[in-house]
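I opened the notebook to look up how some helices pack and what lines a pocket. The entries follow in the order I made them.

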Amino acid sequence: MAPPDWSILAALTLLWIVIVPTPGANALMITHVALTRPRGHVSAALFGNQLAFFVMASAAVLGLSLLLDTFPWLRRAIYVAGGLYLIYFGLRLLWAARTTPTSGTAGLQPDGSDEPPPVARGKAAAAGPTRYGSWLLGVATALSNAQAVFFITSIFAVTGVLKSDLLTQALCVLIMVTSNALYLAALGWLFRRAQVRAAYARFKRPFQSTVGALFVLFGGQLTWRGWTA
């Protein structure tokens, strides 16, 4: 087997490392999960999110953007569906903020974690979100941004990935997924720190309101793009 095109891999890596830290719905989702859900949910959300991103990046290599350009109604439908999902999730957070105490550490343990005592874990698991729910949230948040397929395609075109061999293309997808995963994992680790979570507990209502409003904003932009595309 011929070796991969190292110049293309280097170009893609340098460009993607600059793009990865750009704020967006995925980073917002991981931050929300890290601050509001028990330990282990961050990994579930991250895995689901990157699995969906892997599918989207692979689809970009296979030419899905051409299919969406050929059938504009399908592209619009995906945009609108994704946008409405983000709006729905944002409105849920805004509604939750209305019923949240203005301050305090309700729901957190003295060490700043939200892990319930052993005797209460069964009840908490039944009442709160499951790990599957967090995994699904990660998947849905990634897939809701259908325009990412076009963006990834443009990155592949600029760096020459689309004209490269299969091995180079596969490695480029792997580089993108790995970079995303490391960045989001770092965010999850940061916002799981006891000091950060204790600060969140004191300002839970404004944080929920801000995150909810940002999700509604992202969703509104995506929905508008779908209607006007």
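Entry 1. I began with the contact between helix α1 and helix α9 in this predicted model. From α1, I listed Ile 8, Leu 9, Leu 12, Thr 13 and Trp 16. They meet Thr 168, Leu 171, Cys 172, Ile 175, Met 176, Ser 179 and Asn 180 of α9. I sorted the contact of α1 with α9 by class and noted eight nonpolar residues, four polar ones and no charged ones.

I then looked up the geometry of this pair. The angle between α1 and α9 is about 20°, and their axes lie 10 Å apart. I wrote down α1 as roughly parallel to α9, because angles under 35 degrees count as such. The crossing of α1 past α9 is right-handed.

Entry 2. Next I turned to helix α2, residues 25-36, and helix α7, residues 131-144. How are they oriented to each other, roughly parallel or roughly antiparallel? I found an angle of about 160° and a distance of 9 Å between the axes. The pair is therefore roughly antiparallel. I entered the crossing of α2 and α7 as right-handed.

On the α2 side, I found Ala 25, Asn 26, Met 29 and Val 33 in the contact. On the α7 side, I found Leu 137, Gly 138, Thr 141 and Ala 142. The contact of α2 with α7 holds five nonpolar residues and three polar ones, with no charged residue.

Entry 3. I then looked up helix α3, residues 41-62, against helix α8, residues 147-159. Their axes are 9 Å apart, and the packing angle is about 55°. I therefore recorded α3 and α8 as oblique to each other. α3 passes α8 in a right-handed crossing.

The α3 residues in this contact are Phe 53, Met 56, Ala 57, Ala 60 and Val 61. α8 brings Ala 148, Val 149, Ile 152, Thr 153 and Phe 156. By class, I noted nine nonpolar, one polar and no charged residues for the contact of α3 with α8.

Entry 4. Last, I looked up the second largest pocket, and I noted a volume of about 720 Å³. Which of its 29 lining residues are the closest to its centre? I wrote down Pro 23, Gly 24, Ala 25, Asn 26 and Asn 145. Ala 25 and Asn 26 were already in my list for the contact of α2 with α7.

I also checked which helices supply the lining. α1, α2, α3, α7, α8, α9 and α11 each give at least two residues. In these entries I had not yet looked up α11, which spans 204-228. The lining of the second largest pocket divides into 17 nonpolar, eleven polar and one charged.

Key
Residues are numbered from 1 along each chain as its sequence is written. This is a predicted model: local features need pLDDT of at least 70, side-chain atom pairs count only at pLDDT 80 or more; totals for chains, interfaces and linings use all residues. Side-chain values use heavy atoms; hydrogens and water are left out. Axes are lines fitted to C-alpha atoms, for helices over the stretch in contact, and angles run from 0 to 180 degrees between N-to-C directions. Helices (H or I, at least four residues) and strands (E, at least two) are DSSP runs, numbered from the N terminus. Angles under 35 degrees count as roughly parallel, over 145 as roughly antiparallel, 65 to 115 as roughly perpendicular and the rest as oblique. A crossing is left-handed if the near helix is turned anticlockwise from the far one by less than a right angle, and right-handed if clockwise. Contact means heavy atoms within 4.5 Å. Ala, Val, Leu, Ile, Met, Phe, Trp, Tyr, Cys and Pro count as nonpolar, Asp, Glu, Lys and Arg as charged, and the others, Gly among them, as polar. On a 1 Å grid over the protein atoms alone, a cavity is a set of points where a 1.4 Å probe fits but cannot get out, and a pocket is an open set with protein on both sides within 12 Å along at least five of seven lines; lining residues have an atom within 4 Å of a point. Grid points are joined across faces, edges and corners, and a volume is the space filled by probe spheres set on the points.
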